[in-house]
Amino acid sequence: MSSDLHDNWGVKAYSLHDRPTVLTSLSLRQKHNLLNKLKLTYPVFGDDDDANKTALTVENEGAVSHLPQRSVLLISSTSWTPDEDFSVLLSALEKYDKECTENHPNIICAITGNGPQKSYYEGKIEELDMSHVKIVTLWLEPEDYPKLLAASDVGVSLHFSSSGLDLPMKVVDMFAAGIPVCARNFKCLKELVIHGRMDVSLMTVITSVDSF
């Protein structure tokens, strides 16, 4: 942004980067409680056969633990605009499903947000036939969004700035939750992240389906 203002408008300016409004971490108990709440609306987070279980956790005699061989929870947030091409993620998940073996975890992919292309991509998701990957689109209460980020194992940002000048706030929120992030590369992304290294998270730059 500073370079663009200088080169095109002759303005000397300093860019200030957004910071997350809250740093979020969850105990296993808090994670279990969150998933128990969400499964009432989104059954993918629950276990049909056992009320003490969620898709990722189990409570036994008052103690909460992760399920053995549990699924990986992948999260992405979006406003469902043309700036985000979700076909990249869907293709990567299809590829994973085909190549998945008993040595690989299943995946629950949660995509939060609302926007003009949501119904289009929900139609694409319904057409997928996958055994090891479940995809859910959801709209969360504001207080639950940072909690679900912190409950997740990895975040994905498919934001591709049409101007090349704006940075995805969702990546900042994911860093605040302490989860690793895969983000689609574009002109100024390097201002926000360093490939392979961040203070709280691993950053992987997405250039193609194979980047996943």
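Me: In which strand is Thr112 found?
Reply: This is a predicted model. Read along the sequence, its chain has six helices and eight strands. Thr112 is found in strand β4.

Me: Is Thr112 buried or exposed?
Reply: The cut-off for buried is under 20% relative accessible area. Thr112 has a relative accessible area of 5%. Because 5% falls under that cut-off, Thr112 is buried.

Me: What is the bridge partner of Thr112 in β5?
Reply: β4 and β5 run parallel, joined by six bridges. Thr112 also touches Leu138, along with Ile75, Ser76, Ser77, Thr78, Leu140 and Tyr145, leaving aside residues up to four places away in sequence. The bridge partner in β5 is Leu138.

Me: How many of the six residues of β5 are buried?
Reply: β5 spans residues 133-138 and is one of the elements giving two or more residues to the largest nonpolar core. The strand is mostly covered. The buried count is five of six.

Me: What is the handedness of the β-α-β unit made by β4, α4 and β5?
Reply: The two strands run parallel. Helix α4, residues 118-127, belongs to the unit with them. The unit is right-handed.

Me: Which element gives the most residues to the largest nonpolar core?
Reply: This core has 27 residues, and those touching the most other members are Phe45, Leu73, Ile108, Ala110, Val136, Leu138 and Leu148. Elements giving two or more residues include α2 (28-38), β3 (72-77), β4 (107-112) and α5 (144-151). With five residues, the top contributor is α5.

Me: Which residues does Leu73 touch, not counting residues up to four places away in sequence?
Reply: Leu73 is among the core members that touch the most others. Its contacts include the core members Phe45, Ile108, Ala110 and Leu148. The full list is Phe45, Leu56, Ile108, Ala110, Leu148, Ala151, Ser152, Asp153 and Val154.

Me: Which residues form one aromatic cluster?
Reply: A search of the whole structure finds four aromatic pairs. One cluster includes Trp80, which is also in a second, separate core of 19 residues. The cluster is Trp80, Phe86, Tyr120 and Tyr121.

Me: Which residue takes a positive phi in the hairpin of β1 and β2?
Reply: β1 (residues 57-60) and β2 (residues 63-66) pair in the antiparallel sense over four bridges. In β2, His66 is the bridge partner of Thr57. Two residues lie between the strands. The one with a positive phi, near 55°, is Glu61.

Me: Is Gly178 buried, exposed or partly exposed?
Reply: Gly178 is found in the loop between α6 and β7. Its C-alpha is 9.3 Å from that of Asp153, though the two are 25 residues apart in sequence. The relative accessible area of Gly178 is 42%. Buried needs under 20% and exposed needs over 50%, so Gly178 is partly exposed.

Me: What share of the contacts with a separation of 6 or more comes from residues 24 or more positions apart?
Reply: The chain has 212 residues, and 42% of them count as buried. Contacts are counted here only from a separation of 6. Residues 24 or more positions apart account for 66%.

Me: Over which residues is the pLDDT below 50?
Reply: The chain has a mean pLDDT of 82, and 75% of its residues reach 70 or more. One stretch falls below 50, yet has 46 contacts in the model beyond near neighbours in sequence. That stretch is residues 197-209.

How values were computed:
Residues numbered from 1 in each chain as written. Predicted model: local features only at pLDDT ≥ 70, side-chain atom pairs only at ≥ 80, totals over all residues. Heavy atoms only, no water. Core = buried A, V, L, I, M, F, W, Y, C linked by side-chain atoms within 4.5 Å. Buried < 20%, exposed > 50% of the residue type's maximum accessible area, 1.4 Å probe, protein only. Contact = heavy atoms within 4.5 Å. Phe/Tyr/Trp six-rings, centres within 6.5 Å; stacked < 30°, edge-to-face > 60°. Pairing = 2+ DSSP bridges. Right-handed = clockwise from strand over helix to strand, strands pointing away. pLDDT = per-residue confidence, 0-100.
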